[in-house]
Amino acid sequence: MSKEAGTGAERLSALMMVVVAVIILAGMLFGYDQGVISGALSGIKKSFGLGPTLLEVVTSWVTLGALVGSLIGGELADRIGRKKAVLAAGVLFTLGALLQSIAPDTLVLVGGRLIIGIGVGLAAVAAPLYGAELAPASWRGRFVSAYQLAITIGIFLAYQVDAVLSGEESNWRLMLGAAAVAGIALFLAALAAPESPRWLLKVGRKEEALAELRAVRPGVDQAPVVAAIEGSLREEAHNASWAEVFDRRWRRPLMLAVGLAIYQQITGINAIIYYADGIFASAGFTTPAAQTMATTWAIGAVNVLATFIAIAYIDKIGRRPLLLAGLVGMGVSLFAVGCAFLSKGGAAGAVTLVGLVIFIISFAFSLGPVVWTVINEVFPSRVRGRAVAVATAVNWGAAFVVSQFFLTLVEAIGRPATFWLFTFFCVTGWVWVWRRVPETNGRTLEEIELFWAEPALVPAADRS
Ligand code: BGC
């Protein structure tokens, strides 16, 4: 256990609050762009007379852009720094949103979707990475969870904006264009934010690193912090090559991060986020108003509120207990929802509603925030940028596959079996986490690095 971890509640400086603002704005943009399209689609369809294939392109090219953006993001964050990578994301968000809102035809609209997607991917890599590097060890989980909280607020806001603007056909331009405001806010916040001292030390700018450290953590003895970072950077004359990211030495953290990224998606979260209206419809919520209401509050609002559980506990009881408890809640509730679809009895609607609420709560305090936290803390800084990018791109790829094939799967094997398949992944995920995921809570990034060099250092309690 590190000295830092023991202090528990080091006070955050004003500059550190700017760091938190950057993380929150980036997350909100991620969530907003994820949630807003469902309400904008029907207006776009009418304006441009689009068929189903082009509608799918309009929907999914953000994910495609995010996949590309997350791969570029790691490279960029390593080359130009974490702060400038976030600035670039702010520019892309603003440009993409404006382009979508004035698009005269489908081509420009899709171009805008792609640009905003690249921004989402870039921010999804750069912002949590930046937060993980700047946070004191005893705050790291909460910093990265703040990112997840912001994603959920973004999704919730998008559901609300869609509902308010749904009256007028052409309002889809406003729905999509509104993201420009947050894009500009992100750019301004990132402009005022400090660069990551860890990155500055890595590229040999020690004076600047010391100045930033003094500014973000006044009153904290800088010498041991710098010595620890320099120690972990010592072998690093330059950034790792792509080949090195996949080197045997880093196989364990890579498998860990990629495994978590995949499990976060194949246990069904985005099938629920995107298709909640339809799921509630087939569970007996007959009017569109009742479906929207259920989605906005039972999914959107509950997702936000339950994320606070993670923020409260992630740096106290640790990552593993949250993951294990969450997977149990998710598995049991998905199983119950599957049964409700099978029985189609009078109580099916109520069971589905309660089941989905328990599922969202369980995801929000576990796989949602914990996955992003662990992905951002397990890699040595030499490979961190690129390795986080790989895990983030895999997460987007898995999200794309699940959201693309959910409806096809429901048609092929039926709703009950689809939900039980998600349950099955919760079970295998639980076993995998139990056996493979070490506890990283309260350790500095430098201490975590030692896990992989010396597996025996992983405390037995963390492995059992
Ligand atoms: C996931 C997203 C998901 C969101 C829901 C995030 O952690 O990466 O795919 O939509 O949580 O809150």
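The legends below describe close-up views of a predicted model, in which local features need pLDDT of at least 70, side-chain atom pairs count only at pLDDT 80 or more, and totals for chains, interfaces and linings use all residues. Residues are numbered from 1 along each chain as its sequence is written, and side-chain values use heavy atoms, with hydrogens and water left out.

**View 1. The shell around the ligand.** The residues around the ligand, each with a heavy atom within 4 Å of it, include Q34, T152, I155, Q264, Q265, N270, F363, G368 and N395. By class, this shell holds 3 nonpolar, 9 polar and no charged residues, where Gly is counted among the polar ones. Helices α7 (140–165), α14 (251–266) and α19 (367–375) each supply at least two residues of the shell, and α7 gives the most, with 3 residues; helices are DSSP runs of H or I with at least four residues, numbered from the N terminus.

**View 2. Polar contacts to the ligand.** With a polar contact taken as a pair of N or O atoms within 3.5 Å, a polar side-chain atom of Q148 lies 2.6 Å from a ligand oxygen. A side-chain N or O atom of W372 is 2.9 Å from an oxygen atom of the ligand, and for N303 the corresponding distance is 3.0 Å. The protein covers 99% of the 310 Å² of accessible area that the ligand has on its own (Shrake-Rupley method, 1.4 Å probe).

**View 3. A salt bridge between two helices.** The side chains of E75 and R386 meet in a salt bridge at 2.8 Å, N to O, the criterion being a side-chain nitrogen of Lys or Arg within 4 Å of a carboxyl oxygen of Asp or Glu. Because E75 lies in α4 (residues 52–79) and R386 in α20 (residues 381–413), the pair ties together parts that are 311 residues apart in sequence.

Key: A polar contact is a pair of N or O atoms within 3.5 Å; within protein, one must be able to donate a hydrogen and the other to accept it, and residues adjacent in sequence count only if both atoms are side-chain atoms.
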